[in-house]
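Reader: Hi! I'm new to reading structures, so could you walk me through this one?

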Amino acid sequence: MELPSTAAEIDDQTLRQLIPLLLDNPQEPRVDARTLHKAMLSGQKFADWISSRIAEAALVLDEDYGCFVNLGSKECGVESSGRGGHNAKDYWLALDAARHVAMLERNDRGKCIRDYFIRCAKELQRRPAPVLDLNDPKVLRNVLRQQLDELDAVGQLLTQVTAAKIEQKEAGNVPAMATSTRRPCAPSTVS
């Protein structure tokens, strides 16, 4: 698709085609950062652009954005010119983070794309929450996978806390137990 050169030429239909939302989890819509970079018509290399935007916006990994290695990226639609291009790092941005990144462009195109993301967020809020069909094996598998991932995260946290306590105990840095200032009760004698 040909990219319009000015922000005035961009309508929502064009933006939907340029920057489709990733709705694999409708509760947390995301945007492909490489697609956003292309739509911004930035003159910077993608890797430099995304690194500077992540730093400038103080984005949090796995919350505001995610990074993954796109193995064999030529087959995945990422063009490479000459050397490199294989195993490129790709990023997703949460919709709020994408809106913030668009604003950081500080130009009409960035403002136009930011406004588009705001409209997308409002539209998604108006939509009713999807009803999960737990009789569908794929849906059930995804729900169970999410629950297992959450349990794994809790288990890892408990392991870290336990290891830290053991380490403190072995190093002799165990906080002293609070001692009671109360005297033990003497047995009462009933006459």
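**Strands and helices**

Author: Happy to! Strands β2 (residues 30-32) and β4 pair in the antiparallel sense, over 3 bridges. Two strands count as paired if DSSP finds at least two bridges between them. Strands (E, at least two residues) and helices (H or I, at least four) are DSSP runs, numbered from the N terminus.

Reader: Before we go on, what kind of model is this?

Author: This is a predicted model, in which local features need pLDDT of at least 70, side-chain atom pairs count only at pLDDT 80 or more, and totals for chains, interfaces and linings use all residues. Residues are numbered from 1 along each chain as its sequence is written, and side-chain values use heavy atoms, with hydrogens and water left out.

Reader: Thanks! How many helices and strands are in the protein chain?

Author: The protein chain has 6 helices and 4 strands. Along the sequence, they follow the pattern α-β-β-α-α-β-β-α-α-α.

Reader: In what order do the strands sit in the sheet?

Author: The order is β1-β2-β4-β3, in an open sheet of 4 strands with antiparallel pairing. At the edges are β1 (21-22) and β3, each of which pairs on one side only.

Reader: And how many bridges join β3 to β4?

Author: Strand β3 (residues 65-70) is joined to β4 by 6 bridges, and the two run antiparallel.

Reader: Can I find some of those partners in the picture?

Author: Sure. Look for G66, which stands opposite W92 in β4, and then for F68, whose bridge partner in β4 is D90. On the β2 side, R30 stands opposite A94 in β4.

Reader: Is β4 largely enclosed or exposed?

Author: Strand β4 (residues 88-94) is largely enclosed by the rest of the structure, because 6 of its 7 residues are buried. Buried means under 20% relative accessible area, exposed over 50%, and partly exposed in between (1.4 Å probe, protein chains only).

Reader: What share of the protein chain is buried?

Author: Buried residues account for 29% of its 191 residues.

Reader: New topic: helices! How far does α3 reach?

Author: Helix α3 (residues 46-57) has 12 residues and spans 16 Å from its first C-alpha to its last. That is close to the 16 Å expected at 1.5 Å a residue, where the expected span is 1.5 Å times one less than the number of residues.

Reader: Which residues of α3 are buried?

Author: F46, W49, I50, R53, I54 and A57 are the buried ones in α3. Seen down the axis of α3, they fall within an arc of 125°, so they line one face of the helix. The arc is taken from the directions from the helix axis to the C-beta atoms.

Reader: Why would spaced-out residues end up on one side?

Author: An α-helix has 3.6 residues a turn, so residues three or four places apart point the same way.

Reader: Nice. Now the loops: what about L41's phi?

Author: L41 is not a glycine, yet its phi is positive, about 55°. Most residues other than glycine have a negative phi. You'll find L41 in the loop between α2 (33-40) and α3. L41 counts as partly exposed, because its relative accessibility is 42%.

Reader: And where does D62 lie?

Author: D62 lies in the loop between α3 and β3. Phi of D62 is also a positive value, near 65°, in a residue other than glycine.

Reader: Is D62 buried or exposed?

Author: D62 counts as exposed, because its relative accessibility is 63%.
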